[in-house]
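Subject: Structure for you to look at

Hi,

Here is the structure I promised to pass on. Have a look at it first, and then read on for what turned up.

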Amino acid sequence: MGKIQRAAKARVLAVMKKLPLQKNRLTREFYARPTEIVARELLGKCLMRRTNQQWVGGIIVETEAYLADSDAASHSARGKTRSNASMFSAAGTLYVYPIHAKYCMNAVTESSGRGSAVLIRAIQPVWGIEQMQSNRQTQDLKRLTRGPAMLCQAIAVDRSDDGIDLTTDRNILIAPPRTPSPAADIHATPRIGISKAIDERLRFFYRGNPFVSGPKRDHL
């Protein structure tokens with residue numbers, strides 16, 4: 001790589017690492033739309049969490065949509081319970097559920113009472129990488145946030161965050177980047193890690209991004 005290319009890459013990285021403006025966080029109107037649309041349009045947005053007096057997070061590169069109607073894989077399919085109540089809250093609510101002693105985070109979509117949400121499966125780490133490495137007890141960047149449970153551990157999200165409002169909370173939010181992300185190849189496949197409704201193409205990700213979870217072919 002020549003000097004000009006290295007300088008250009010450095011400028012891109014410097015711009016990308018600038019924190020998004022909190023006042024430009026995604027609004028409730030963004031989330032209050034069909035879940036598949038929200039899942040696709042969350043790609044490229046910035047997920048940020050304030051922990052230990054600093055911001056950690058990165059660029060969302062993989063999501064999955066879980067629908068309110070006729071979706072056997074959705075937690076809402078069994079109706080509203082004490083455990084999944086946040087999934088039936090207002091659009092923009094954070095729904096966090098436990099899995100194997102870890103956690104997964106979702107952004108609630110559509111309208112109150114619907115029971116639909118987008119699972120955030122992976123981000124490309126950008127801010128507070130050293131803190132995320134400490135939280136995950138690994139120096140391997142590709143094992144920081146590649147998968148929903150890894151992601152929650154890296155940015156210190158747990159069940160105590162269930163039910164917070166992503167549109168107003170001071171310590172966790174999703175916002176557009178200061179500079180629009182370059183065009184990327186968005187791919188849709190069946191969701192992974194589920195045993196019901198396995199053929200629905202409701203998983204969205206940036207094809208070729210090394211921080212996407214799932215099969216190796218998704219990174220090519």
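To begin with a question: are Arg191 and Asp71 buried or exposed? Please keep in mind as you look that this is a predicted model. The answer is that Arg191 is buried, and Asp71 is buried too. Their side chains form a salt bridge, with 2.8 Å from N to O. This pair connects distant parts of the chain, 120 residues apart. Arg191 sits in the loop between strand 7 (186-189) and strand 8 (203-206), while Asp71 belongs to the loop between strand 2 and strand 3 (94-99).

As a general reminder, oppositely charged side chains can pair when their charged atoms come close. In this structure there are 10 salt bridges, and two others are worth a visit on your screen.

One of them joins the side chains of Glu62 and Arg121, at 3.0 Å from N to O. Glu62 is in strand 2 (residues 54-66) and Arg121 is in strand 5 (residues 117-127), so this pair ties together parts that lie 59 residues apart in sequence. Both of these residues are buried. They also belong to a network of salt bridges that links Glu62, Glu64, Arg121 and Arg203.

The other one is between the side chains of Glu41 and Arg33, at 2.9 Å from N to O. What is the relative accessible area of Glu41? For Glu41 the value is 33%, which makes this residue partly exposed. Arg33 also counts as partly exposed, because its relative accessibility is 23% and the cut-off for buried is under 20%.

Now for the overall picture. The protein has five helices and eight strands. Starting from the N terminus, the order of the elements is α-α-α-β-β-β-β-β-α-α-β-β-β. The protein has 220 residues, and 46% of them count as buried.

Two more values may be handy. Taking the contacts between residues at least 6 apart in sequence, 62% join residues at least 24 apart. The protein exposes about 11,000 Å², and 51% of that comes from carbon and sulfur atoms.

If you would like a place to start, try Arg191 and Asp71, the buried pair, and then go on to the network that includes Glu62 and Arg121.

Happy viewing, and best wishes

How values were computed:
Residues numbered from 1 in each chain as written. Predicted model: local features only at pLDDT ≥ 70, side-chain atom pairs only at ≥ 80, totals over all residues. Heavy atoms only, no water. Salt bridge = Lys/Arg side-chain N within 4 Å of Asp/Glu carboxyl O. Buried < 20%, exposed > 50% of the residue type's maximum accessible area, 1.4 Å probe, protein only. Helix = DSSP H or I, 4+ residues; strand = E, 2+ residues; numbered from the N terminus. Contact = heavy atoms within 4.5 Å. Areas by Shrake-Rupley, 256 points an atom, 1.4 Å probe, with all protein chains shown as cover.
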